[in-house]
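Work through the exercises below with the sequence and the coordinates at hand, and try each task before reading its solution.

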Amino acid sequence: MRVDRSDGKRLYRVSDAMHLLSMSRTVIYEQIRIGRLRSVTQGRTRLIPASAIADYIALLEQEARAAS
């Protein structure tokens with residue numbers, strides 16, 4: 001799964017990830033906390049790599065296939 005990189009971004013703010021994944025801020029931070037969504041910090045800013053978003057989407061797809 002590839003994240004659309006037409007915007008050239010490799011790191012996304014949490015608000016951007018919320019939009020890309022159609023999830024609330026609370027859910028995003030919970031997924032980070034439990035280790036399902038990787039993130040990095042730069043100063044006080046939490047950033048989510050594009051590769052982490054792609055990996056998370058792949059994980060969700062894998063779980064969906066396993067459940068059916």
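**Exercise 1.** In this predicted model, determine in which helix Gln 31 lies, and decide whether Gln 31 is buried or exposed.

*Solution.* Begin with the secondary structure, which places Gln 31 in helix α2. Next, take the relative accessible area of Gln 31, which is 11%; because buried means under 20%, Gln 31 counts as buried.

**Exercise 2.** Find which residues Gln 31 is in contact with, leaving aside its neighbours within four places in sequence, and identify the polar contact that its side chain makes.

*Solution.* With those neighbours left aside, the contacts of Gln 31 are Arg 36, Leu 37 and Tyr 56. Turning to polar atoms, the side chain of Gln 31 makes a polar contact with the side chain of Tyr 56 at 3.2 Å.

**Exercise 3.** Establish which residues of α3 are buried and what covers them.

*Solution.* Helix α3 spans residues 50-67 and reaches 26 Å from its first C-alpha to its last, close to the 26 Å expected. In α3, the residues Ala 50, Ala 52, Ile 53, Ala 54 and Tyr 56 are buried, and their cover includes β1, α1, α2 and β3.

**Exercise 4.** Work out the strand order of the open sheet and which strands form its edges.

*Solution.* The three strands follow the order β1-β3-β2 with antiparallel pairing, and the edge strands, each pairing on one side only, are β1 (11-13) and β2 (40-42). Three bridges join β2 to β3 (residues 45-49), and Gln 42 stands opposite Thr 45 in β3. Finally, helix α1 (residues 14-21) lies across β1 and β3, running at about 95 degrees to β1.

Conventions: Residues are numbered from 1 along each chain as its sequence is written. This is a predicted model: local features need pLDDT of at least 70, side-chain atom pairs count only at pLDDT 80 or more; totals for chains, interfaces and linings use all residues. Side-chain values use heavy atoms; hydrogens and water are left out. Two strands pair if DSSP finds at least two bridges between them. Helices (H or I, at least four residues) and strands (E, at least two) are DSSP runs, numbered from the N terminus. Contact means heavy atoms within 4.5 Å. Axes are lines fitted to C-alpha atoms, for helices over the stretch in contact, and angles run from 0 to 180 degrees between N-to-C directions. The expected span of a helix is 1.5 Å times one less than its number of residues. Buried means under 20% relative accessible area, exposed over 50%, partly exposed in between (1.4 Å probe, protein chains only). A polar contact is a pair of N or O atoms within 3.5 Å; within protein, one must be able to donate a hydrogen and the other to accept it, and residues adjacent in sequence count only if both atoms are side-chain atoms.
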